[in-house]
Amino acid sequence: MQRVRAERVSTTAVDSVMPGLAVLSFCFLAGGLIGVIVAARAGGDGGASLSAYLTGFMQAAGDGEMKSPPLLSSLWEVFRWPLLGCLLGFTAIGLVGIPVLFAARGFYLAFSIACFVRVFGQTGDLIAFLMFGITGLISVPVLFVLGTQSLCASMGLAGRMVRSERGAVRYDKAYWMRCIFCVLALCVCLLLEYLAVPAMIAGAAGTLT
């Protein structure tokens with residue numbers, strides 16, 4: 001009986017998570033598509049300024065002028081998106097705010113990658129991967145884990161407000177354990193962002209000269 005009950009609880013949990021994951025995936029991809037389109041259509045003074053900025057950045061990196069960013073800057077870069085997603089999960093506003101957050105994250109990431117590819121061609125693929133992909137392989141899945149559970153919590157809060165129910169919202173042990181594991185993964189991201197990525201970008205910059 002206990003096993004059957006556990007299986008039912010597990011199936012219910014998965015069924016409740018999948019719609020939220022689907023919504024956030026759509027928002028992330030839609031934001032990414034818009035980011036690619038905006039980067040591709042940037043022209044005139046904006047396109048010239050972008051090209052000059054990225055070329056100067058990579059030239060400085062190739063000349064050995066690129067150093068590890070300040071630790072606080074790296075902390076902000078790695079933790080800002082997941083942290084905001086978590087905070088929104090404690091309010092009913094997250095029902096709208098978290099999908100918007102994912103769309104913004106997808107836009108920012110895709111726009112940045114597309115800009116490097118546009119300016120540097122095939123070499124831009126490598127540079128974009130080193131700059132965004134290495135840490136993104138960890139940070140993006142973490143964002144989806146935290147964002148999905150936060151969206152589910154926001155849905156519970158919104159439903160309780162609308163229906164005046166007093167049922168408990170899912171801030172259980174599993175919720176906090178996922179948060180802890182995600183923080184540990186983001187700490188690995190932080191180390192890569194602070195120590196490894198600048199050196200790899202400086203090495204890749206040599207291929208442009």
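Q: Why is Phe-107 called partly exposed?
A: Phe-107 has a relative accessibility of 30%, and partly exposed is the range between buried (under 20% relative accessible area) and exposed (over 50%), with a 1.4 Å probe and protein chains only. Phe-107 therefore counts as partly exposed. Please keep in mind that this is a predicted model, where local features need pLDDT of at least 70, side-chain atom pairs count only at pLDDT 80 or more, and totals for chains, interfaces and linings use all residues. Numbering starts from 1 along each chain as its sequence is written, and side-chain values use heavy atoms, with hydrogens and water left out.

Q: What makes Phe-28 and Phe-144 an edge-to-face pair?
A: By the ring rule, there are 10 aromatic pairs. Rings of Phe, Tyr and Trp (its six-membered ring) pair if their centres lie within 6.5 Å, and planes under 30 degrees apart are stacked, over 60 edge-to-face and the rest tilted. Here the centres of Phe-28 and Phe-144 are 5.4 Å apart and the planes stand at 65°, so edge-to-face is the right name. The pair joins distant parts of the chain, with Phe-28 in helix H1 (residues 2–41) and Phe-144 in helix H5, 116 residues apart.

Q: How do you know whether Phe-28 and Phe-144 are buried or exposed?
A: Phe-28 has a relative accessible area of 14%, so it is buried. Phe-144 comes to 15%, and therefore counts as buried too.

Q: Why is the pair of Phe-107 and Phe-111 called stacked?
A: Their ring centres are 5.8 Å apart and their planes make just 5°, so the pair is stacked. Both belong to helix H4 and, because they are four residues apart, about one helical turn separates them. Phe-111, at 24% relative accessibility, counts as partly exposed.

Q: What makes the contact of Arg-80 and Glu-77 a salt bridge?
A: The distance from N to O is 3.2 Å, and the rule asks for a side-chain nitrogen of Lys or Arg within 4 Å of a carboxyl oxygen of Asp or Glu. The count of salt bridges is one. Arg-80 and Glu-77 are three residues apart in helix H3, so about one helical turn lies between them. Glu-77 is partly exposed, at 29%.

Q: How do you know that Arg-80 lies over the face of Tyr-108?
A: Arg-80 is 5.4 Å from the ring centre of Tyr-108, where the rule wants NZ of Lys or CZ of Arg within 6 Å of the centre and within 35 degrees of the ring normal. Arg-80 is accordingly placed over that ring.

Q: Which residues lie nearest the centre of the largest pocket?
A: Glu-77, Tyr-108, Met-131, Phe-132 and Glu-193 do, among 32 lining residues. Helices H2 (44–62), H3 (71–88), H4 (94–120), H5 (122–163) and H6 (173–205) each give two or more residues to the lining. A pocket is an open set of points on a 1 Å grid over the protein atoms alone, where a 1.4 Å probe fits, with protein on both sides within 12 Å along at least five of seven lines; lining residues have an atom within 4 Å of a point.

Q: Why is Gln-59 called exposed?
A: Gln-59 has a relative accessible area of 52%, so it counts as exposed. Gln-59 sits in helix H2, and its C-alpha is 9.1 Å from that of Ala-202, although the two are 143 residues apart in sequence.
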